[in-house]
Amino acid sequence: GGVMETWPRSALLAFLARISYSVFLIHYPVCLVANALLFRLAPDSPAANLLGMVLAWAASIAAGTLFHHRVEKPARALVRRTTPSAIAPHPAQSTSR
């Protein structure tokens, strides 16, 4: 098998790959909230801003995980249940031309 069939071997990387779209969707609002809080609480503190960035990153991962489990996975399951099989591509069909 190729490298893409066995990558990622790390459970952490596999987890981050699974939630990546949800993190992408949620990180911007999380960063806006973190930025607004930091601007009010410590606008002139580089250390507080660095800590805020780390906390925003962690909050984005946490919120993305929650979003993945509560929104993305149920939505994907709903689409699979409601999409007619004539429209949905069959896994055995080749997409090459």
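In this predicted model, a convenient place to begin is Leu13, which is partly exposed, with a relative accessible area of 42%. Leu13 is found in helix 2, and together with Leu12 and Leu16 it makes a nonpolar surface patch of about 260 Å². Because a residue needs over 30% relative accessible area to be counted in such a patch, the 42% of Leu13 is consistent with its place there.

Helix 2, which spans residues 11-41, is also part of what covers the buried residues of helix 3, and this leads on to that second element. Helix 3 runs from residue 46 to residue 82, and its 37 residues reach 51 Å from the first C-alpha to the last, close to the 54 Å expected at 1.5 Å a residue. Helix 3 nevertheless contains a kink of about 45°, centred on His68, and His68 is itself among the buried residues of this helix, a list that also includes Ala48, Gly52, Ala56, Ser60, Gly64, Thr65 and Glu72.

Glu72 deserves a separate look, since a search of the whole structure finds one salt bridge, and in it the side chain of Glu72 meets that of Arg76, at 2.6 Å from N to O. The two residues are four apart in helix 3, and therefore Glu72 and Arg76 are separated by about one helical turn. An α-helix has 3.6 residues a turn, so residues three or four places apart point the same way. Side chains of opposite charge can pair when their charged atoms come close. As for their surroundings, Glu72 is buried, with a relative accessible area of 16%, whereas Arg76 is partly exposed, with a relative accessible area of 36%.

Note on methods: Residues are numbered from 1 along each chain as its sequence is written. This is a predicted model: local features need pLDDT of at least 70, side-chain atom pairs count only at pLDDT 80 or more; totals for chains, interfaces and linings use all residues. Side-chain values use heavy atoms; hydrogens and water are left out. The expected span of a helix is 1.5 Å times one less than its number of residues. The bend at a residue is the angle between axes fitted to the seven residues ending there and the seven starting there. Buried means under 20% relative accessible area, exposed over 50%, partly exposed in between (1.4 Å probe, protein chains only). Contact means heavy atoms within 4.5 Å. A salt bridge is a side-chain nitrogen of Lys or Arg within 4 Å of a carboxyl oxygen of Asp or Glu. Patches are made of residues with over 30% relative accessible area and no salt bridge: like charges are joined within 9 Å, nonpolar side chains (Val, Leu, Ile, Met, Phe, Trp, Tyr) within 5 Å. Accessible areas come from the Shrake-Rupley method with a 1.4 Å probe; for residues, only the protein chains shown count as cover.
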